[in-house]
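Q: Take one part of this structure and look at it closely. Start at the surface, then go on to what is packed inside.

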Amino acid sequence: MMRLRPYLLTGMAVMALTSGAQEAVSQRSMTEDRFISRLRSWPATAEDDWSIDIENAVDYRDSLVVLRGSFYHVPQVNNNTYYIWPADADPGVLLDSYYPAESIANLFLLPLDEGRDVILDLTFATHDYGSSVKLSTTVDKFVSLCQADGCEVYFGVESCHDNTFKGSLFMYNRADGYDHVVRLECDPVEVIDGAGHIKGRVSLFVPTDNVRNIFQPVPVERSKAREELDRQINPQTE
């Protein structure tokens, strides 16, 4: 972060810096508004045939296998997908409340029919500090819009117990250098059974360099820059 010594800030310089900052905030706000507007009218993806080659899958647990993808900064945030493959039957995609975390991962990482029906209640922490926008959509619509914009999908589990799942979704746009970061929470059993919603707190267009910092040890000293990053990644707005 650039630090300017106070005596360098003449009246004209302050006006110029303020104008530039306001323009940046305005541009960020308009970009966020456009994304949210597009999501409101984004159609569900067509029910096209799709298939997965799981010949490279490895044993996971019980009669399950995992097809390992890539990971994002840390191995715990990845795009691994999970399948049930009994010894005497053909493999199938795992979507079972007995394996809640793996099943929720599959919902976001695979183009499942169920993803077209699972409601995603999103709260967007917009760039105007303290403001937010609420929008209900589906898993399929949100993920497919991000993918259409060039995002790669990565999923991480924070906790899953007592009928509460908490995780994070990173929609990484490699070409443009940003992430949409979503903190997820739901009752996984209700979601998998088709009766529950997933709640998500979203920070749009977070610079990828900022996202990279959250995977490093948190510094002891607090700073305004760190507080702003925490606000982007963990929005407290409802």
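**From a surface tryptophan to the sheet**

A: W50 is partly exposed, with a relative accessible area of 35%. The model is predicted. W50 sits in the loop between α1 (11-41) and β1 (58-61). On the surface, W50 joins I52 and V93 in a nonpolar patch. Together the three have about 220 Å² of accessible area.

Now the sheet. It is open and has 8 strands, with mixed pairing. The order is β3-β4-β9-β10-β11-β12-β7-β8. At the edges are β3 (71-72) and β8 (132-138), each pairing on one side only. Strands β10 (residues 164-173) and β11 (residues 178-186) run antiparallel and are joined by 9 bridges. F165 has its bridge partner in β11: C186.

Two helices belong in this picture. Helix α2 (residues 100-109) packs on the sheet. The strands α2 touches are β4 (74-78), β7 (119-125), β9 (151-161), β10, β11 and β12 (198-207). The direction of α2 makes about 160° with that of β9.

Helix α3 (residues 139-148) lies across β7, β8, β9, β10, β11 and β12. Against β8, α3 runs at about 105°. Of the 10 residues of α3, 7 are buried, so the helix is largely enclosed by the rest of the structure. Buried here means under 20% relative accessible area. The buried residues of α3 are V139, D140, F142, V143, S144, L145 and C146. After α3 comes G150, with a positive phi near 100°.

Key: Residues numbered from 1 in each chain as written. Predicted model: local features only at pLDDT ≥ 70, side-chain atom pairs only at ≥ 80, totals over all residues. Heavy atoms only, no water. Patch = residues over 30% accessible without salt bridge, like charges linked within 9 Å, V, L, I, M, F, W, Y side chains within 5 Å. Areas by Shrake-Rupley, 256 points an atom, 1.4 Å probe, with all protein chains shown as cover. Salt bridge = Lys/Arg side-chain N within 4 Å of Asp/Glu carboxyl O. Helix = DSSP H or I, 4+ residues; strand = E, 2+ residues; numbered from the N terminus. Buried < 20%, exposed > 50% of the residue type's maximum accessible area, 1.4 Å probe, protein only. Pairing = 2+ DSSP bridges. Contact = heavy atoms within 4.5 Å. Axes fitted to C-alpha atoms, helices over the stretch in contact; angles between N-to-C directions.
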